[in-house]
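Biologist: Please take me through one part of this model, slowly and closely. I would like to look at the site around ligand 1. What surrounds the ligand there?

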Amino acid sequence: METMEILREASKRIYENVKGIAGTEHAAGDFGIGAGGDISRSIDIIAEKTVLDYLKEINFECIVLGEECGRVELSNRSKGYIIMDAIDGSANAVRGVPFFCSSLAFATEDKLSFVTDGIITDLSSGEMYWASKNKGSFFDGKQIKVHNEYPIYKIIGINTSGASSKLMKRLSPIYEEHEHTRHFGANALEMAFLARGVIDVFIDLRGKIRIQDIAAGYIIIKEAGGLLLDVDLNPLDADLSYETRISFIAASNQKILDEITKLIDQ
Ligand code: IPD
Ligand code: CA
């Protein structure tokens, strides 16, 4: 079975298993601190278990790097890494805000730049975004590209959850200049929106985001023709480690990237 088929089936099973849970008391059950450093909620655990059970069922030889379960070696003849954020946007999922997703990626080596496949599933609708290296990005079967014409409304996604006042000050020229800034609360799905061309930029400069949250978005944006840069404006890359926390800027093209970075650097 192709890797993408495996990721797709795992995502489908997550959707089926968490469909009725979001926003209920059941979703919120506290399972203590997970490997990623946040409290694991019952909806996170159900979603991760779904993936682990499936990978075991098909004997997929890999190392899983899950946000809650940590590193799980399913074989000592591993083909690579499954990077799993089974629920991205857990706070939304627990409260019932219909903006949360699953993010699954596969990497052949211990580096973000070795991600070959990624899939993000909008768990409110079941819609899927996926990409495999050199094969393009897709949204529910149709190829997607970042937005490259001048947009009617320029939409700038900025993750400011828990941002310091220093960062807010640095970002303030963007808020002054752009009327349509957004943050929906699930980085992976916001990256998928950029790839699909419905937002133009997505910025997270908090230095807080984990590899699990962005690994699938990374390949989906790249294959859709978008740019992904680190804080020094170099191509984004990182180790797949639990200590790694990153900042990044994703943009649909160089022109809009320049517009935004000029404002940040002021
Ligand atoms: C969270 C979301 C959110 C971001 C947080 C992440 P999680 O992921 O991506 O947008 O602001 O930093 O932790 O914890 O729900 O998987
Ligand atoms: Ca999560």
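Modeller: What follows is a walk around ligand 1, from its place in the protein to its contacts and its shell. Keep in mind that this is a predicted model.

Start with the place. Ligand 1 sits in the largest pocket. Two elements each give two or more residues to the shell around it: strand E5 (81-88) and strand E13 (201-209). Of the elements, E5 gives the most, with three residues.

Now step back to the domains. The shell draws at least three residues from domain 1 (3-140). It also draws at least three from domain 2 (156-264). Both domains therefore contribute to the surroundings of ligand 1, given a cut-off of 4 Å for counting a residue as near.

Next, the residues themselves. There are 17 residues around ligand 1. Those that come nearest are Asp88, Gly89, Ser90, Asn159 and Arg210. By type, the shell holds three nonpolar, seven polar and seven charged residues.

Zoom in on the side chains. Aspartate 88 has a polar side-chain atom 2.8 Å from an oxygen atom of ligand 1. Arginine 210 places an N or O atom of its side chain 2.8 Å from an oxygen atom of the ligand. For aspartate 213, a polar side-chain atom lies 3.1 Å from a ligand oxygen atom.

How much of the ligand's surface does the protein bury? Taken alone, ligand 1 exposes 370 Å². The protein buries 86% of that area.

Note on methods: Residues numbered from 1 in each chain as written. Chains lettered and ligands numbered in written order. Predicted model: local features only at pLDDT ≥ 70, side-chain atom pairs only at ≥ 80, totals over all residues. Heavy atoms only, no water. Polar contact = N/O pair within 3.5 Å; in protein donor to acceptor, adjacent residues only side chain to side chain. Areas by Shrake-Rupley, 256 points an atom, 1.4 Å probe, with all protein chains shown as cover. 1 Å grid on protein atoms, 1.4 Å probe; cavity = no way out; pocket = protein on both sides within 12 Å on 5 of 7 lines; lining within 4 Å. Sits in = over half its atoms within 2 Å of the grid points. Helix = DSSP H or I, 4+ residues; strand = E, 2+ residues; numbered from the N terminus. Nonpolar A, V, L, I, M, F, W, Y, C, P; charged D, E, K, R; others polar. Domains from an automatic or database assignment.
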